[in-house]
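Visitor: I'd like to go through the cysteines here, plus one threonine. Could you show me the structure and tell me how each label is earned?

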Amino acid sequence: KSFTDLGAAMWLVYDESDDALYVTGTTSYKGEAADAKLHDLCTYDVCAVTMRLSASDGSVDWMRTLEGSPRWNFFDQTGDIRLASNEDGPYVYVALDDAGENGVVTLDGGTSYAGCKGEDGTLTPEYMVNRNKVVTSEDCPPASDFVTRQSDDALPASNAASGAFCGTGHDAVDSCIIKYHKYSGLPIWGSDMPPVASL
C-alpha cells in the first residue's frame, strides 16, 4: 500500500485485538504549505492525519484530518499514538504538535461515516449503532439498509458535529491530545497542551 498523498508518517501502534494499525502522519514533509501534497480529505493548506488500517492488507478503514502539521523534522516534537486501556474502552489517543496553535480547528474532518438507513431515509451513523465493534450490515435492524463509508449516502465527517476541537485552550498552545473512537474514528475530545513527545 502506497500513500502518495502523505508527506510523512510519524507513529504507529498495532492493535492485536482486531488486527488493526493506527498511524499518524502529515500531508507535508516540512509541515508547511509550500511542500504540502494534495489530499482528497484535507481541505486546508496542510493537514495532520490519523488513520486506522487493516494490518492484513493495508486498506484504510477510516482517516481523520485536521488543519495544521507538526514541523517535526526541524525543531518540533512528533507527538505519539497509543491505544486506550481495556478499562477505558475502544479508543485511541493521539498527540499532534502544532495542532491548533494558531486558533480553533475542528476535528470533524476526513472519512465519512457508515451507518444504517431506515425506510424513511434517516441515517443512523455507525457510532450510534454499536460502539463496541466495526459496524457491518449485520448490525443494522430489519427493514434498514447498511450504508458504507464510501457511499454517497454516508454521513460526511463535517456533519458529525462531535463538538471536539483543538486550539481552544491556553494562549500560545503548541500541541493537542485527541481521543478518537477506534472503530469509527469519531473524535471524542481534543485537549491543548505544551509540546508533547510521548503519551
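Guide: What follows is a short round of questions about labels, on a model that is predicted.

Visitor: Let's start with the bonds. How do you know that cysteine 42 and cysteine 47 are joined by a disulfide?

Guide: Their sulfurs sit 2.1 Å apart, and the cut-off is within 2.5 Å, so the pair counts as a disulfide. By that rule the count comes to 3 disulfides.

Visitor: Which handedness does the link of cysteine 42 and cysteine 47 have?

Guide: Right-handed, with 85 degrees about the S-S bond.

Visitor: And what makes cysteine 116 and cysteine 140 a disulfide?

Guide: Same test: S to S is 2.1 Å, and the rule asks for within 2.5 Å, so the pair passes. This link is left-handed, at -85 degrees about the S-S bond. Cysteine 116 lies in strand β8 and cysteine 140 in the loop between α1 and β10, so the bond ties together parts that are 24 residues apart in sequence.

Visitor: What about cysteine 166 and cysteine 176: how far apart are their sulfur atoms?

Guide: They are 2.0 Å apart and form a disulfide. The link is left-handed too, with -80 degrees about the S-S bond. Here strand β11 holds cysteine 166 and strand β12 holds cysteine 176, so parts 10 residues apart in sequence are tied together.

Visitor: How does the pairing run if you number the bonded cysteines in sequence order?

Guide: It goes 1-2, 3-4, 5-6.

Visitor: Why is cysteine 42 called buried?

Guide: Its relative accessible area is 12%, and buried means under 20%, so the label fits. Cysteine 140 is buried at 12% as well, cysteine 116 at 5%, and cysteine 47 at 0%. Cysteine 166 counts as buried with 0% relative accessibility, and so does cysteine 176, also with 0%.

Visitor: Now the threonine. Where is threonine 27 found?

Guide: In the loop between β2 (20-26) and β3 (47-54).

Visitor: Why does threonine 27 count as buried?

Guide: Because its relative accessibility is 0%, against a limit of under 20%. Beyond its neighbours within four places in sequence, threonine 27 is in contact with residues including Asp5, Leu6, Gly7, His39, Cys42 and Cys47.

Visitor: What makes the approach of threonine 27 to cysteine 47 a polar contact?

Guide: The threonine 27 side chain reaches the backbone nitrogen of cysteine 47 at 3.0 Å. The limit is within 3.5 Å, so the distance qualifies.

Definitions and conventions
Residues are numbered from 1 along each chain as its sequence is written. This is a predicted model: local features need pLDDT of at least 70, side-chain atom pairs count only at pLDDT 80 or more; totals for chains, interfaces and linings use all residues. Side-chain values use heavy atoms; hydrogens and water are left out. Helices (H or I, at least four residues) and strands (E, at least two) are DSSP runs, numbered from the N terminus. Buried means under 20% relative accessible area, exposed over 50%, partly exposed in between (1.4 Å probe, protein chains only). A polar contact is a pair of N or O atoms within 3.5 Å; within protein, one must be able to donate a hydrogen and the other to accept it, and residues adjacent in sequence count only if both atoms are side-chain atoms. Contact means heavy atoms within 4.5 Å.
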